[in-house]
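I'm opening a fresh page for this one and jotting things down as I look them up. Here is the structure I have on screen.

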Amino acid sequence: MAKTNPGRFFEDYTLGQVIEHAVPRTVSGGERALYHALYPARHALYSSDAFAQASGLPKSPIDDLAAFHVVFGKTVPDVSLNAVANLGYAEGRWLKPVYEGDTLRSTSEVIGLKQNSNGKTGVVYVRTRGMNQRDEVVMEYVRWVMVRKRDVDAPAPEAVVPELSKVIDAKDLVIPEGLDFSNYDFTLAGEAHRWGDYEIGETIDHVDGVTLEEAEHMMATRLWQNTAKVHFDATFRPDGQRLIYGGHIISLARALSFNGLANAQMIVGLNGGAHANPAFSGLTVKAWSEVLDKAETDVPGVGAIRLRLVATKGGAPFALRGEDGKYLPEVLLDLDYWALMPV
């Protein structure tokens, strides 16, 4: 009997299948230090215990996206080891902050399957939940992945594409217990712009750019224990290039968005997302945002803002799709999320 795990192929998934992912991970200050070393991450709530305590939290949590990467990384050996590409996200919610000392594990349920017309690949939809050591769900999200078939002659399953909400209702966003922006220090946060200063439809060019380095994306992929072959093995793709982990682009774009959105402190909802085009080392990533919506909350000093975050490989800001409705070739990421901001 083979002792090694080749990973699941498309025909190995069944609708309703629940996968308990291996290797729980206890997070520490090391995750924060490495995250801030890989990205120019500067949001104050995740950088300073004192700032977090002044905002009503017991201490500074691990960055939302760092926690996401840990939970996501657990799923890769079971969901996307043989993936061609990670295609999109929906219905993501951050339910509890993750602190140093918390131990995270992941579980996924297969909620959709659809074989592609070429008969060589199929799309797998999973709902993933990340739990802490108290079995509390700290986040949940849906993603869909294009996965290779082991046997192209294997029969196609009945196609089931789940109906997913395009937008999380603001009333369903979970605001961390104790969070209070009544005494928010805008000077320490880095910008004076508050929730009331942003208008729906406003666009923001985040100006800065970062050139992708092979070493950095490989370090990030290893840090999150993401074992997908397309990220590690240069022989896995016909072009001999290692595909950069989509989460690396998400975190990089989020970090770049600090310039203009420094007070969009906490990500609490992921409405949707698409990795529009592949990214490889040597590209220079820039980012821009659009304000899609705003909502009041019943928490002191806290408002919710819905943002579109777009990462490009140096393309002109505010250009997203061509006349044919498809993403422009320079667009890398289109992410729709809710964040919390001082009113």
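What follows are my entries on the domains, two odd backbone angles, some salt bridges and a couple of single residues.

**Entry: the model**

I note at the start that this is a predicted model. Every number I write here is computed from it.

**Entry: two domains**

I looked up the domain assignment for the protein chain. Domain 1 is given as 1–27 + 62–164, and domain 2 as 167–343. I took the centres over C-alpha atoms, and they sit 21 Å apart. On the contact itself, domain 1 puts in 30 residues and domain 2 puts in 31 residues.

Next I checked the area buried between domain 1 and domain 2. I get about 2600 Å², with 57% of that coming from carbon and sulfur atoms. Which three residues give the most on the domain 1 side? They are His69, Tyr89 and Trp94, which supply 25% of the area that domain 1 buries against domain 2.

Then I went through the charges and polar groups. How many salt bridges cross between domain 1 and domain 2? The rule finds zero. Polar contacts are another matter: I count 13 residue pairs between domain 1 and domain 2, with both residues at pLDDT 80 or more. I also asked which elements give two or more residues to the domain 1 side of this contact, and they are helix 3 (64–79) and strand 3 (83–94). Sorted by class, that side of domain 1 has 17 nonpolar, seven polar and six charged residues.

**Entry: two positive phi angles**

A reminder to myself: most residues other than glycine have a negative phi. I went looking for exceptions and wrote down two.

Valine 23 has a phi near 65 degrees, positive even though the residue is not a glycine. I find valine 23 in the loop between strand 1 (18–20) and strand 2 (25–26).

Glutamine 225 is the other one I noted, with a positive phi of about 55 degrees. Glutamine 225 is in a loop too, between helix 5 (214–223) and helix 6 (229–232). Buried or exposed? Glutamine 225 counts as partly exposed, at 34% relative accessibility.

**Entry: salt bridges**

I searched the whole structure and got 16 salt bridges. I looked into some of them.

Aspartate 12 and arginine 150 pair up through their side chains, 2.9 Å from N to O. Aspartate 12 comes from the segment before strand 1 and arginine 150 from the loop between strand 6 (137–148) and helix 4 (186–189), so this pair ties together parts that are 138 residues apart in sequence. I checked both ends for exposure: aspartate 12 is partly exposed at 27% relative accessible area, and arginine 150 is partly exposed at 48%.

Glutamate 136 has a salt bridge with arginine 134, and their closest N and O atoms are 3.1 Å apart. Glutamate 136 is partly exposed, with 27% relative accessible area.

Lysine 171 and aspartate 172 also meet through their side chains, at 3.6 Å from N to O. Here lysine 171 is exposed, with a relative accessible area of 65%, while aspartate 172 counts as partly exposed at 34%.

One more item for the list: Glu20, Arg105 and Asp135 are joined into one network by salt bridges that share partners.

**Entry: leucine 81**

I picked leucine 81, which I find in the loop between helix 3 and strand 3. Is leucine 81 buried or exposed? It is buried, because its relative accessible area is 10% and the cut-off for buried is under 20%. Leaving out residues up to four places away in sequence, leucine 81 touches Asn5, Pro6, Gly7, Val76, Thr227, Ala228 and Lys229. I also tried a distance: leucine 81 and threonine 26 are 55 residues apart in sequence and 23 Å apart in space, C-alpha to C-alpha.

**Entry: arginine 306**

My last stop was arginine 306, in strand 10 (residues 302–312). Arginine 306 counts as buried, at 15% relative accessibility. What does its side chain hold on to in polar contact? The side chain of aspartate 336, at 2.5 Å. Beyond four places in sequence, the residues that arginine 306 touches include Val167, Asn271, Glu290, Leu292 and Trp338.

Methods. Residues numbered from 1 in each chain as written. Predicted model: local features only at pLDDT ≥ 70, side-chain atom pairs only at ≥ 80, totals over all residues. Heavy atoms only, no water. Domains from an automatic or database assignment. Contact = heavy atoms within 4.5 Å. Buried area = accessible area lost by both parts, 1.4 Å probe. Salt bridge = Lys/Arg side-chain N within 4 Å of Asp/Glu carboxyl O. Polar contact = N/O pair within 3.5 Å; in protein donor to acceptor, adjacent residues only side chain to side chain. Helix = DSSP H or I, 4+ residues; strand = E, 2+ residues; numbered from the N terminus. Nonpolar A, V, L, I, M, F, W, Y, C, P; charged D, E, K, R; others polar. Buried < 20%, exposed > 50% of the residue type's maximum accessible area, 1.4 Å probe, protein only.
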